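Grab a pencil and work through these exercises with the structure open beside you. Each task comes with a solution that goes step by step.

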Amino acid sequence: MPRVIQTQGIRSVIDVGALGAFQQALTMYEPEDLFTTLGTIVTTNRGEARIPFLWYPPRTREWIGERQRGSMDGGMHVIPVRVYESTVAVPRTAVEDDMVGIIEMRARELATEYVRFQHEQYINILANGAALTTFDGQPLLTSNPSARGANNVNLSSLPLSMENLAAAIAAMGLFTDPEGRPIGVRPTHLLVGPKQEFLARQLVQSQTVVVAGDTDRTVGSANALYNTVQVVVSPYITNDDWYLIAAGANAHRPVIRVDRSDVPLEFVAHTTPDHESVYSRDSYEYGYRARHGYGAGAWYAVFASQT
């Protein structure tokens with residue numbers, strides 16, 4: 001999570017309390033930030049991130065003659081950095097009436113919104129993956145075998161089921177680099193929306209397959225998908241879409257967030273009597289400011305089914 005800094009607006013004990021509530025809530029809700037577990041976070045000190053990833057490592061060869069040098073496949077992957085903010089207003093009378101708890105509650109809501117926004121941006125990249133290009137100039141998600149080869153199709157429209165999930169896991173294991181060499185990724189997470197949550201858990205958290213009978217349900221064979229992936233539920237997947245994400249030993253993930261290394265997350269308080277919000281509207285303002293970029297990452301770290 002980006003570091004929070006105190007700005008010149010922090011002037012009173014009330015402001016310090018609001019800042020503390022903001023920081024505490026950030027820590028509490030940090031596990032909901034998908035980028036910390038399922039994404040790639042890079043830093044820059046410029047208005048865009050130019051990421052020269054060596055996405056496909058060169059092969060190991062017997063050293064005969066000069067070294068065979070690998071190149072930066074796909075050149076630069078450029079992700080612009082933009083400015084984001086959220087601001088809340090608190091009536092000045094709330095402070096005068098000793099209702100400090102309202103200010104701290106509003107500060108916690110700001111922190112919740114910041115984490116919620118990160119989560120939402122992650123899902124937005126995946127949801128629009130068929131239209132977003134990544135490092136190789138191809139869409140993040142594609143069902144076209146002509147894009148990267150027949151083995152490298154990572155988009156389908158199949159419903160979530162035991163057979164389709166097993167096929168998707170196998171497909172990710174067969175992804176290859178441009179030379180036809182297996183990339184060797186394994187999915188670690190199954191990302192679904194609330195509508196698919198219990199089906200997803202049934203598929204990968206049940207040790208046995210339960211078969212529906214004429215009048216009752218009977219226990220069938222052992223579930224080969226048990227504990228193969230971890231289920232993650234996002235409220236921003238409102239349909240039946242599902243995604244397999246590789247977030248294990250592979251360094252590159254399907255969605256990238258760019259943080260400004262020299263511009264940390266700011267918490268701002270406007271509570272001085274001569275500030276416009278106080279003078280003109282009789283209200284205190286609290287808010288945050290952040291600079292981030294979001295973009296498509298490694299296509300081979302995701303398999304999607306968008307129904």
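**Exercise 1: the open sheet**

S6 and strand S15 (residues 302–305) are parallel partners, joined by two bridges. A quick note before going on: this is a predicted model, where local features need pLDDT of at least 70, side-chain atom pairs count only at pLDDT 80 or more, and totals for chains, interfaces and linings use all residues. Residues are numbered from 1 along each chain as its sequence is written, and side-chain values use heavy atoms, with hydrogens and water left out.

Task: work out the strand order of the open sheet and find which strands stand at its edges.

Solution.
- Start with the terms: strands (E, at least two residues) and helices (H or I, at least four) are DSSP runs numbered from the N terminus, and two strands pair if DSSP finds at least two bridges between them.
- In the S6–S15 pair, Ser156 sits opposite Ser305 of S15.
- Go across the sheet: five strands line up as S6-S15-S11-S7-S10, with mixed pairing.
- S6 and strand S10 (230–233) each have a single partner strand, so they stand at the edges, with one side of each lacking a neighbour in the sheet.

**Exercise 2: strand S7 and its partners**

Task: say how S7 pairs with S10 and with S11, parallel or antiparallel.

Solution.
- Take S10 to begin with: S7 pairs with S10 in the parallel sense over four bridges, and His189 stands opposite Gln230 there.
- Now take S11: the pairing with S7 is antiparallel, again over four bridges, and Leu191 has Tyr243 as its bridge partner.
- Next, the side chains. In a regular strand they alternate between the two faces of the sheet.
- In S7, His189 and Leu191 point one way, Leu190 and Val192 the other, and all are buried (buried is under 20% relative accessible area, exposed over 50%, partly exposed in between, with a 1.4 Å probe and protein chains only).
- For contrast, look at strand S3 (residues 48–51): Ala49 and Ile51 make up a covered face, while Glu48 and Arg50 make up an uncovered one.
- S3 runs antiparallel to strand S4 (residues 77–80), with four bridges between them; Ala49 has Ile79 as its bridge partner.

**Exercise 3: the core**

Task: which residues have the most contacts inside the largest nonpolar core?

Solution.
- Pin down the term: a nonpolar core is a set of buried Ala, Val, Leu, Ile, Met, Phe, Trp, Tyr and Cys residues joined through side-chain atoms within 4.5 Å.
- The largest core has 46 residues, and Tyr122, Leu165 and Leu244 have the most contacts inside it.
- Helix H4 (residues 100–127) gives this core its largest share, five residues.
- Now zoom in on Leu165. Setting aside neighbours within four places in sequence, Leu165 is in contact (heavy atoms within 4.5 Å) with Leu160, Leu190, Leu203, Val204, Leu225, Trp242 and Leu244.
- There is also a second, separate core of 23 residues, including Leu26, Ala94, Ile103 and Tyr288.
- Step back to the chain: buried residues make up 45% of its 307 residues.

**Exercise 4: two aromatic pairs**

Task: classify the ring pairs Phe22–Phe267 and Tyr84–Phe117.

Solution.
- Here's the rule: rings of Phe, Tyr and Trp (its six-membered ring) pair if their centres lie within 6.5 Å; planes under 30 degrees apart count as stacked, over 60 as edge-to-face and the rest as tilted.
- By this rule there are twelve aromatic pairs.
- Phe22 and Phe267 have ring centres 4.9 Å apart and planes at 40°, so that pair is tilted.
- Check where they sit: Phe22 is in helix H1 (residues 13–29) and Phe267 in strand S13 (residues 265–270), 245 residues apart.
- Phe22 is buried, at 0% relative accessible area, and Phe267 is buried at 0% too.
- Tyr84 and Phe117 have ring centres 5.0 Å apart and planes at 50°, so this pair is tilted.
- Tyr84 belongs to strand S5 (residues 82–91) and Phe117 to helix H4, 33 residues apart.
- Tyr84 is partly exposed at 21% relative accessible area, whereas Phe117, at 16%, counts as buried.
- To finish, put Phe22 and Phe267 in context: they form one aromatic cluster with Tyr114, Tyr286 and Tyr288.
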